[in-house]
Amino acid sequence: MKWLVFLVEEQSMKAALDELLPRLLEQENVIDEFSHQVLPHKGKTHLRDSIKRTLQNWGIPDSHFIILHDKDSADCRLLKQKIATLCVESGHPKTLIRIPCHELESWFLG
């Protein structure tokens with residue numbers, strides 16, 4: 001079984017993904033191939049501070065990481081590069097990083 005591990009800023013995005021992901025996996029006919037886990041954080045700083053530690057210490061083989069981080073007023077390219085650097089330093093350079101333009105909620109609804 002492959003794992004999709006989402007690191008998100010807050011509990012509301014976890015709730016949304018917990019509802020959405022099973023439907024998407026079923027729609028794509030891969031529900032039997034993938035499990036998922038969504039790890040909520042207490043805001044952007046908590047998320048960024050936990051990336052390296054979480055990725056380094058994750059013990060489940062065949063896991064794929066996805067990080068969702070609000071852009072807010074930051075330069076999205078610079079923000080993505082900073083997160084990518086943390087992923088490389090943790091030994092997971094293929095982590096998928098997505099920076100929704102404004103807020104995760106508007107990205108989700110879009």
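Here's a quick briefing on strand β3 and on Ser-90 in this structure. It's a predicted model, where local features need pLDDT of at least 70, side-chain atom pairs count only at pLDDT 80 or more, and totals for chains, interfaces and linings use all residues. Residues are numbered from 1 along each chain as its sequence is written, and side-chain values use heavy atoms, with hydrogens and water left out.

**Strand β3 and its partners**
- Strand β3 covers residues 63-68 (helices, H or I of at least four residues, and strands, E of at least two, are DSSP runs numbered from the N terminus).
- Five of the six residues in β3 are buried, meaning under 20% relative accessible area with a 1.4 Å probe and protein chains only.
- On one pairing, β3 runs parallel to β1 (residues 2-8) through five bridges; two strands pair if DSSP finds at least two bridges between them.
- Trp-3 has Ser-63 of β3 as its bridge partner.
- β3 also runs parallel to β4, with three bridges joining them, and Ile-66 is partnered with Leu-96 of β4.
- From β3 the chain goes through α3 to β4 in a right-handed β-α-β crossover (with the strands pointing away from the viewer, the path from the first strand over the helix to the second runs clockwise).

**Ser-90**
- Ser-90 sits in the loop between α3 (76-89) and β4 (96-98).
- Ser-90 counts as buried because its relative accessibility is 9%.
- A polar atom of the Ser-90 side chain lies 2.7 Å from the backbone oxygen of Cys-87.
- Leaving aside residues up to four places away in sequence, Ser-90 touches Lys-52, Leu-55 and Gln-56 (contact means heavy atoms within 4.5 Å).

Technical notes:
Buried means under 20% relative accessible area, exposed over 50%, partly exposed in between (1.4 Å probe, protein chains only). A polar contact is a pair of N or O atoms within 3.5 Å; within protein, one must be able to donate a hydrogen and the other to accept it, and residues adjacent in sequence count only if both atoms are side-chain atoms.
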